[in-house]
Amino acid sequence: MNHEDDIKKAADEAYERAMDEINSQLDQEILIALIGDVNAGKSSTINRIVGEEVAGVGAEPGETIEVKPYKYKENIYFVDTPGLNDVRTDNSAVTLNYYKNADIVLFFLNAAGTVFSEVEKKSFEKIQSVNKNIIIVLNKIDAADEIDRLVARVRKETGDTYEVSPVSSRTGENIDKLRNSILEILKKKSKDILFAKSIKEKSATANAWIIGASVSAGAVGASPIPGSDFIPITGIQIGLLTRLAVLYNKPITKDAAKELVVATIVGNIGKSIFRQIMKIFPGVGSVAGATVAGATTLALGYAVKYAYENNIDINAENITKLYKMYREQAAS
């Protein structure tokens, strides 16, 4: 049975829903609050997360700085204290209010220093009393030993309630994981697309979205395509296409998105594509089921990502060529 007309209808509806969500997100604002000692590497970590230098983050020891949000880009704001030991008493109430209203609080600890000192504990207790959206960033793990032990201790001392993210802003270790954790919290607030779109670093986020969509498609696509699951799979693929378009700031039309999904779902990609692209892309092994739905969604996502990053027009003909390129790469 040819489900092409049904897929087109489902794609139209999914596109409208996805664009409504995206437009709603882009009207929001994001405030990310940073707290930590001046030696905790706040500025270098933020620079790694967004992929470029962010001015206004990271106070020097002893500086007297007015605590206020710094506009990074469009509707994204960071607010940074001058350091736990440098906050003036008359700034305390203002600072705490920013932490209360922040979408995320990044609480920085220096793995190479005195981790979770009494001053840091008191500050943490104040912050968690007004905001639970905290990620504890254990930075400078490249300069410290027994990181697992440090992480376990911080978790224990904070009630094992908050994520502890060990990173190195110098080497970049685990920065992708920290960025994904930030996006997960923002997703619950329907603000993750806004943040991802605004930062310069795109690739790791695109990979996470592609694998996530592939897992979702694989979970509903246990039966061969075409079949009874093509409508939810269409929605997943349209959602992925629109998110990638916004991420790379290259809008995709409804007709173009629909054309790609139809070509992917009813086209001659085949089950073997999963085994082939599994050889090329990291993290693909997490895709559940290795079903046609999961494999084709994965292939579609990576092909579109490659096209955006290499300034290739997004259309069914070019994406099909990229599928072929993946097959040839895997076979070589």
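Two strands count as paired here if DSSP finds at least two bridges between them. Keep that cut-off at hand for these exercises on a predicted model.

**Exercise 1. Work out the order of strands in the sheet, and say which strands stand at its edges.**

Step 1. Start with strand E1, residues 30-35, which pairs with E3 in the parallel sense over five bridges. You can locate this pairing on screen at isoleucine 32, which stands opposite phenylalanine 78 of E3.

Step 2. Look at the other neighbour of E3. Strand E2 (residues 69-73) runs antiparallel to E3, and four bridges join the two. Tyrosine 70 has phenylalanine 78 as its bridge partner in E3, while lysine 71 has tyrosine 77.

Step 3. Go back to E1 and move towards E4. These two strands are parallel, with four bridges, and isoleucine 35 has phenylalanine 107 of E4 as its bridge partner.

Step 4. Carry on to strand E5, residues 134-139, which runs parallel to E4 and is joined to it by six bridges. Here leucine 106 is found opposite isoleucine 135.

Step 5. Put the pieces together: the open sheet has six strands in the order E2-E3-E1-E4-E5-E6, and its pairing is mixed. E2 and E6 (163-166) are the edge strands; each has a single partner strand, so one side of each lacks a neighbour in the sheet. On average, neighbouring strands are turned by 25° against each other, direction ignored.

**Exercise 2. Describe the turn between E2 and E3.**

Step 1. E2 and E3 form a hairpin, and two residues lie between the strands.

Step 2. Check the backbone of glutamate 74 in this turn: its phi is positive, about 45°.

**Exercise 3. Are the residues of E3 and E4 mostly buried or exposed?**

Step 1. Recall the cut-off: a buried residue has under 20% relative accessible area.

Step 2. Apply this to E3, residues 76-80: four of its five residues are buried, and the strand is mostly covered.

Step 3. Now take E4, residues 104-110. Seven of its seven residues are buried, so the rest of the structure largely encloses this strand.

Step 4. Sort the E4 side chains by direction. Ile104, Leu106, Phe108 and Asn110 point one way, Val105, Phe107 and Leu109 point the other way, and all are buried.

**Exercise 4. Find which helices lie on the sheet, then examine how H6 packs with H8.**

Step 1. Helix H4 (residues 118-128) packs on the sheet and touches E1, E4 and E5, with its direction at about 170° to that of E4. H6 lies across E1, E4, E5 and E6 and runs at about 175° to E5.

Step 2. H6 (residues 175-188) packs with H8 (residues 203-220) at an angle of about 60°, and their axes are 10 Å apart. The crossing is right-handed.

Step 3. List the contact residues: H6 brings Asp176, Arg179, Asn180 and Leu183, and H8 brings Ala204, Thr205 and Ala208. By type, the contact has three nonpolar, two polar and two charged residues.

**Exercise 5. How many residues does the largest nonpolar core have, and what does Leu244 touch?**

Step 1. The largest nonpolar core has 71 residues, and Phe78, Leu106 and Leu244 are among those with the most contacts inside it.

Step 2. Leaving out residues up to four places away in sequence, leucine 244 touches Ala206, Trp209, Ile210, Gly301, Val304 and Tyr308.

Step 3. Another core lies apart from the largest one; it has 26 residues, including Val79, Tyr99, Val115 and Tyr162.

Technical notes
Residues numbered from 1 in each chain as written. Predicted model: local features only at pLDDT ≥ 70, side-chain atom pairs only at ≥ 80, totals over all residues. Heavy atoms only, no water. Core = buried A, V, L, I, M, F, W, Y, C linked by side-chain atoms within 4.5 Å. Buried < 20%, exposed > 50% of the residue type's maximum accessible area, 1.4 Å probe, protein only. Contact = heavy atoms within 4.5 Å. Axes fitted to C-alpha atoms, helices over the stretch in contact; angles between N-to-C directions. Left-handed = near helix turned anticlockwise from the far one by under 90°. Nonpolar A, V, L, I, M, F, W, Y, C, P; charged D, E, K, R; others polar.
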